[in-house]
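Colleague: I'm new to this, so could you walk me through the biggest pocket and the annotated active site?

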Amino acid sequence: MELLQGRIRDYAWGSRTAIAELQGRPVPSDGPEAELWLGAHPGAPATVDRDGAPVSLTDLLVAEPAHWLGERLVGRFGTRLPFLLKVLAADAPLSLQAHPDAEQARAGHAADPGRVNYVDPYHKPELLVALSEFEALCGFRDPAESAAAIEAFGVPALAPVVAALRTGPAGLREAVRLLLSWPEAERAGLVDAVLTAEAAGPDDGSGSRRGVGRAEPESSDAVLARGLAVDYPADPGVLVALLLHHVRLAPGEAIWMPAGNLHAYLRGTGVEIMAASDNVLRGGLTPKRVDVDELLRVLRFEVLDEPVVAPVPVAPGVVTWPVPVEDFALHRVRVPAGDPAVRLALPGPRVVLCRAGKLTVDDGVGTITLAAGQAAVGTAAGGPLVVGGDGEAYVASCGLR
């Protein structure tokens with residue numbers, strides 16, 4: 001194992017405290033720090049030291065694929081690390097988005113010479129594990145619940161959306177299409193009408209609406225819409241959000257986002273692992289381009305019954321969050337002071353992030369000591385990981401068995 005230096009992405013929605021605190025740096029940071037990338041993605045590859053100079057992990061994989069990846073991974077994924085480990089810290093909502101499946105990504109990349117929608121030929125399933133309380137939108141909920149939520153605003157213009165949702169899951173596509181295709185000149189007025197209608201209070205049955213001070217508290221859907229409208233006052237994504245599960249994760253809980261799953265992170269800090277891809281189709285809550293037709297082609301219009309994934313114990317002090325892909329697996333290791341070291345027989349290469357405390361990590365090739373916020377990487381030549389000391393770590397590996 002050897003020290004891995006990650007790259008911080010400074011997206012505007014990032015936190016000025018979470019990643020800096022994790023790494024033991026002064027807070028607040030000079031600017032927003034949204035994501036810490038710990039992998040070999042060409043967009044921001046992590047580095048290792050070679051003779052006192054940082055060398056891109058991407059370059060090392062290309063130069064020595066058999067050593068770093070092993071023949072099995074090269075045969076399955078080529079000369080690239082198939083997963084990307086991140087620390088994600090959101091102080092403001094990210095865009096509504098979805099990712100293509102593997103077949104869609106390959107075909108889309110081949111047919112998209114301008115790389116407008118498909119920058120690479122890979123899929124991008126994701127798993128996010130909460131480190132703090134984490135708020136997100138993930139997967140379509142029961143359309144009947146969404147219809148009731150939107151109808152409660154009492155905005156006549158939204159009647160076609162409500163009618164589509166009343167037909168059940170089959171109407172989800174039409175509801176999303178109607179909202180995202182709303183005339184641009186009318187979007188601010190639509191969002192404002194929704195918020196104004198709610199502020200006026202619910203109908204008391206007499207045709208008038210009670211003032212907020214005398215009405216029941218706002219519904220959770222109204223609170224969500226109002227919060228999103230602060231950042232996106234003219235974005236129909238404010239209403240598309242009401243079609244999704246509004247999830248609040250406790251630390252250790254996770255959400256799994258397979259291909260075609262519309263989702264958005266709203267606030268919180270988490271460890272995220274994904275297939276190494278940049279293919280994103282946006283669906284609102286963003287000033288960036290929204291390709292409605294392509295998004296509708298990629299989305300899976302089905303109800304997600306349970307978006308939250310609980311940790312599954314696999315050994316003393318070790319849990320995982322099972323996912324049905326070969327690109328990655330994620331394990332959390334907790335070693336209290338004085339306890340025996342934990343042994344993990346996971347296929348290499350591995351990336352280890354120390355989240356808290358101080359840990360030693362040995363893969364039979366090299367031993368490294370990590371403090372909170374530090375990471376290490378080991379090649380496919382390494383044996384089982386032995387993690388000891390006093391702390392907590394997240395271990396990323398491929399999902400091949």
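Here are a few questions and answers about this predicted model.

Colleague: What volume does the largest pocket have, roughly?

Modeller: Keep in mind that we're looking at a predicted model, so this is a computed figure. The largest pocket is lined by 35 residues. Its volume comes to about 850 Å³.

Colleague: Which strand gives the most to the lining of the largest pocket?

Modeller: Four strands each supply at least two residues of the lining: E3 (35–38), E6 (83–90), E12 (263–275) and E13 (281–282). With four residues, the one that gives the most is E12.

Colleague: How many residues of that lining are charged?

Modeller: Split the lining by residue type and you get 18 nonpolar and five polar ones. Arg282 and Lys288 are among the residues nearest the pocket's centre, and Arg and Lys both count as charged. The charged group numbers 12.

Colleague: Which residue does the UniProt annotation "active site" cover?

Modeller: The annotation comes from an unreviewed entry. The residue in question lies in strand E13, and its contacts beyond four places in sequence include Ser95, Gln97 and Lys288. Ser95, Gln97 and Lys288 also lie nearest the pocket's centre, together with Trp13 and the annotated residue itself. That residue is Arg282.

Colleague: Why is Arg282 called partly exposed?

Modeller: Buried would mean under 20% relative accessible area, and exposed would mean over 50%. Arg282 falls in between, so it's partly exposed, because its relative accessible area is 24%.

Key. Residues numbered from 1 in each chain as written. Predicted model: local features only at pLDDT ≥ 70, side-chain atom pairs only at ≥ 80, totals over all residues. Heavy atoms only, no water. 1 Å grid on protein atoms, 1.4 Å probe; cavity = no way out; pocket = protein on both sides within 12 Å on 5 of 7 lines; lining within 4 Å. Points joined across faces, edges and corners; volume = space filled by probe spheres on them. UniProt positions renumbered as here; feature names shortened; annotations may be inferred. Buried < 20%, exposed > 50% of the residue type's maximum accessible area, 1.4 Å probe, protein only. Contact = heavy atoms within 4.5 Å.
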